[in-house]
Amino acid sequence: MALPTRYWQDLPWPAFRTLPANTLAVLPVASIEQHGPHLPVSVDTTINGGVVGRTLKVIPPELPVLVLPTQAVALSVEHLRYPGTITTSAETLIALVTDIGASVARAGVKRLVIVNSHGGNVAALDIAARRIRIQSNILCVNAMWARMGKPESQRDPVESTYGIHAGRDETSVMLALTPHLVDMAKARNFVSRWQGAANVAPRLAPPAGAPLAWQAQDLSPAGAVGDASAATAAQGEGILDFAAARMAELWQQVAAFDVEAWLANEPDAHV
């Protein structure tokens with residue numbers, strides 16, 4: 001059944017009593033943090049809105065999806081040395097998202113997808129998602145759009161491994177969404193110091209399974225890593241289309257998932 005709106009906050013409270021049983025709540029979690037000299041501190045929040053908005057355009061109209069208010073301030077402690085960054089603590093983010101999950105459950109919604117757009121949030125959101133499962137007994141998925149794949153044309157091994165912040169891909173998406181906020185005159189190839197460290201000590205390379213605990217200035221004094229100079233709006237459009245298609249698949253599969261059977265499982269001493 002098609003809902004009258006895609007946004008949680010636009011419904012009056014009685015409408016929550018008659019939501020379809022497979023209604024899916026989507027919680028965007030982003031950040032307000034520095035993204036180098038060429039991009040605004042809004043990057044992760046802007047991209048999150050772009051991915052969610054484009055996903056809403058490609059899902060079937062009858063898919064019952066309600067997007068919750070975006071949590072723009074999250075866990076950005078790795079960027080504290082750069083002015084403009086706003087952060088909370090891991091404990092606060094975990095508590096906030098867990099509380100939001102409880103509110104979703106109280107509304108009778110049993111499916112929640114967290115759409116995350118900031119790598120620094122992942123560990124805290126994993127903990128929050130597990131707590132929501134335990135405390136509120138609903139299905140909760142922690143999804144990060146950037147980890148759901150990229151178009152074939154964007155699969156450069158160096159950029160994918162080291163261009164993790166304000167590099168080619170994020171700059172391209174920002175050129176597609178808010179080009180007036182991108183200063184390409186200040187964009188360059190911000191080579192990550194992590195790449196040099198991995199050449200000296202290969203066991204410290206990101207794919208090696210023992211990643212460094214870093215702050216942004218450790219990787220680059222400019223606060224960005226990756227070849228931002230190679231960014232184009234056309235690449236950004238391709239990334240957005242790909243991310244929306246993958247996210248749409250996830251949302252449809254979560255809406256169709258047999259949550260009641262999944263949550264009904266109990267330990268069995270006879271197994």
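The following exercises, with worked solutions, concern the predicted model above.

Residues are numbered from 1 along each chain as its sequence is written, and side-chain values use heavy atoms, without hydrogens or water. Local features need pLDDT of at least 70, side-chain atom pairs count only at pLDDT 80 or more, and totals for chains, interfaces and linings use all residues.

**Exercise 1. Place Leu39 in the structure and state whether Leu39 is buried or exposed.**

Step 1. Leu39 sits in the loop between strand S1 (24-29) and helix H1 (43-58). Helices (H or I, at least four residues) and strands (E, at least two) are DSSP runs, numbered from the N terminus.

Step 2. The relative accessible area of Leu39 is 8%, so Leu39 is buried. Buried means under 20% relative accessible area, exposed over 50%, and partly exposed in between, with a 1.4 Å probe and protein chains only.

Step 3. With neighbours within four places in sequence left aside, Leu39 is in contact (heavy atoms within 4.5 Å) with Ala166, Thr171, Met174, Leu181 and Val182.

Step 4. Leu39 and Leu175 are 136 residues apart in sequence, and their C-alpha atoms are 9.8 Å apart in space.

**Exercise 2. Describe how helix H5 (residues 168-177) is covered.**

Step 1. Nine of the 10 residues of H5 are buried, and the helix is mostly covered.

Step 2. The buried residues include Arg168, Asp169 and Glu170, as well as Val173 and Leu175.

Step 3. Among the elements that cover these buried residues are H1, helix H4 (157-162), strand S6 (226-227) and helix H8 (233-256).

**Exercise 3. Find the aromatic pairs and classify each by its geometry.**

Step 1. Rings of Phe, Tyr and Trp (its six-membered ring) pair if their centres lie within 6.5 Å; planes under 30 degrees apart count as stacked, over 60 as edge-to-face and the rest as tilted. The whole structure holds two aromatic pairs.

Step 2. Trp8 and Phe16 have ring centres 4.8 Å apart and planes at 45°, a tilted pair. Trp8 counts as buried because its relative accessibility is 15%, and Phe16 counts as buried because its value is 16%.

Step 3. The centres of Phe257 and Trp262 are 5.6 Å apart and their planes lie at 70°, so this pair is edge-to-face. Phe257 is partly exposed at 34% relative accessibility, and Trp262 is partly exposed at 47%.

**Exercise 4. State which residues have the most contacts inside the largest nonpolar core, and which helix supplies the largest share of this core.**

Step 1. A nonpolar core is a set of buried Ala, Val, Leu, Ile, Met, Phe, Trp, Tyr and Cys residues joined through side-chain atoms within 4.5 Å. The largest has 41 residues, and those with the most contacts inside it are Val65, Val113, Met247, Leu250 and Trp251.

Step 2. H8 gives the largest share of this core, nine residues.

Step 3. A second, separate core of 28 residues includes Phe16, Ile100, Ile114 and Ala129.

Step 4. Beyond its neighbours within four places in sequence, Val65 is in contact with residues including Leu3, Leu24, Leu56 and Trp251.

**Exercise 5. Sort the lining of the largest pocket by residue type.**

Step 1. Ala, Val, Leu, Ile, Met, Phe, Trp, Tyr, Cys and Pro count as nonpolar, Asp, Glu, Lys and Arg as charged, and the others, Gly among them, as polar.

Step 2. The lining divides into 12 nonpolar, 11 polar and nine charged residues. A pocket is an open set of points on a 1 Å grid over the protein atoms alone, with protein on both sides within 12 Å along at least five of seven lines; lining residues have an atom within 4 Å of a point.
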